[in-house]
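Student: I have a structure open and would like to talk through how its labels are earned. Could you take me through the reasoning?

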Amino acid sequence: MFHSIRPSILERMRYLEQMDAKEREAGVPRSQRLRQIPPEVGRFLALLAANAPEGAYLEIGTSAGYSTLWIALACELLGRTLTTFEISQDKAQLARETFRVAQVEGIVNFVVGDARRYLSGYPHVGFCFLDAEKEIYSECYEIVVPNLVRGGLLVADNAISHQEALKPMIERALTDVRVDALVVPIGKGVLVCRKI
């Protein structure tokens, strides 16, 4: 999977990595930045997604589509599709460009809107990546977890960097008898939950 990434995907990943780095260097306010995952988290996501059971593959918080590209690698390998949700119109425009340039439009189903309005329509989830506004994490968790298939994964970013804001959800996950969960110290911290 990592040794055969198509040039169109690699080039777009590099472009978004450079864009993110420039925004950070320029001191662009956090609310206006891409706020994308680092490459090592992308690889981690791809590995998890490539080993997730059959079911819907979801991403809550597309941003410019960087993490989407990593998950799409696993979907392409497995012959699956990924549905990703983005609420920001500005980021949605950039994400559409990402999917077109990277040539993943056949793998990615892009929905512009609040994911919470759509999540209950996915009753059999094999993999879900959550990287959106922190105030919706708990609500998304409670919608997605009951719909995970056995062995299905819910992966949430920023579990260490936003530990205080995400404390209710993290504590819920770590004590939830429906899942096995742990926080992995990679990137800004990733919460991984596996449905029992």
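Student: Let's start with a loop. Where does S63 lie?

Tutor: This is a predicted model, and in it S63 sits in the loop between β1 (56-60) and α3.

Student: What makes S63 count as buried?

Tutor: Buried means under 20% relative accessible area. S63 has 11% relative accessibility, so S63 counts as buried. Its backbone deserves a look too: phi of S63 is near 55°, a positive value in a residue other than glycine.

Student: What is notable about a positive phi?

Tutor: Most residues other than glycine have a negative phi. N158 is another residue to look at here, with a positive phi of about 70° although it is not a glycine. N158 is found in the loop between β5 and α6.

Student: How do you know whether N158 is buried or exposed?

Tutor: By the 20% cut-off again: the relative accessible area of N158 is 3%, so N158 is buried.

Student: Now the helices. Why are α1 and α3 called roughly antiparallel?

Tutor: They pack at an angle of about 150°, with their axes 10 Å apart. Angles over 145 degrees count as roughly antiparallel, so α1 and α3 earn that description. Their crossing is left-handed.

Student: Which residues make the contact between α1 and α3?

Tutor: From α1 come I9, R12, M13, L16 and E17, and from α3 come Y66, L69, W70 and L73. By type, the residues of this contact are seven nonpolar, no polar and two charged.

Student: And what makes α5 and α6 roughly parallel?

Tutor: The axes of α5 (residues 137-144) and α6 (residues 167-175) come within 8 Å and cross at roughly 30°. Angles under 35 degrees count as roughly parallel, so the term fits α5 and α6. α5 passes α6 in a left-handed crossing. Y137, S138, Y141 and E142 of α5 meet P168, M169, R172 and A173 of α6. That contact divides into five nonpolar, one polar and two charged residues.

Student: Which residues have the most contacts inside the largest nonpolar core?

Tutor: I9, L45, Y57, W70, I71, F127 and V155 do, in a core of 41 residues. Elements that each supply at least two residues include α1, α2, β4 and β5. The largest share, eight residues, comes from α3. Apart from this core lies another, of 28 residues, among them A56, L58, C140 and C193.

Student: What makes F127, in strand β4, a buried residue?

Tutor: F127 has 0% relative accessibility, and the cut-off is under 20%, so F127 counts as buried. Leaving aside neighbours within four places in sequence, its contacts include L45, A49, Y57, I71 and V155. With the same neighbours left aside, I71 is in contact with L45, A49, Y57, E59, L82, F127 and F129.

Student: How do you know that C193 is buried?

Tutor: The reasoning is the one used before: C193 has 0% relative accessibility, against a cut-off of under 20%, so C193 counts as buried. C193 lies in strand β7, and beyond its neighbours within four places in sequence, its contacts include Y141, L153, A173 and V179.

Student: How far apart are C193 and F127 in sequence and in space?

Tutor: They are 66 residues apart in sequence and 10.0 Å apart in space, C-alpha to C-alpha. F127 and G113 are 14 residues apart in sequence and 20 Å apart in space, again C-alpha to C-alpha.

Definitions and conventions: Residues are numbered from 1 along each chain as its sequence is written. This is a predicted model: local features need pLDDT of at least 70, side-chain atom pairs count only at pLDDT 80 or more; totals for chains, interfaces and linings use all residues. Side-chain values use heavy atoms; hydrogens and water are left out. A nonpolar core is a set of buried Ala, Val, Leu, Ile, Met, Phe, Trp, Tyr and Cys residues joined through side-chain atoms within 4.5 Å. Buried means under 20% relative accessible area, exposed over 50%, partly exposed in between (1.4 Å probe, protein chains only). Helices (H or I, at least four residues) and strands (E, at least two) are DSSP runs, numbered from the N terminus. Contact means heavy atoms within 4.5 Å. Axes are lines fitted to C-alpha atoms, for helices over the stretch in contact, and angles run from 0 to 180 degrees between N-to-C directions. Angles under 35 degrees count as roughly parallel, over 145 as roughly antiparallel, 65 to 115 as roughly perpendicular and the rest as oblique. A crossing is left-handed if the near helix is turned anticlockwise from the far one by less than a right angle, and right-handed if clockwise. Ala, Val, Leu, Ile, Met, Phe, Trp, Tyr, Cys and Pro count as nonpolar, Asp, Glu, Lys and Arg as charged, and the others, Gly among them, as polar.
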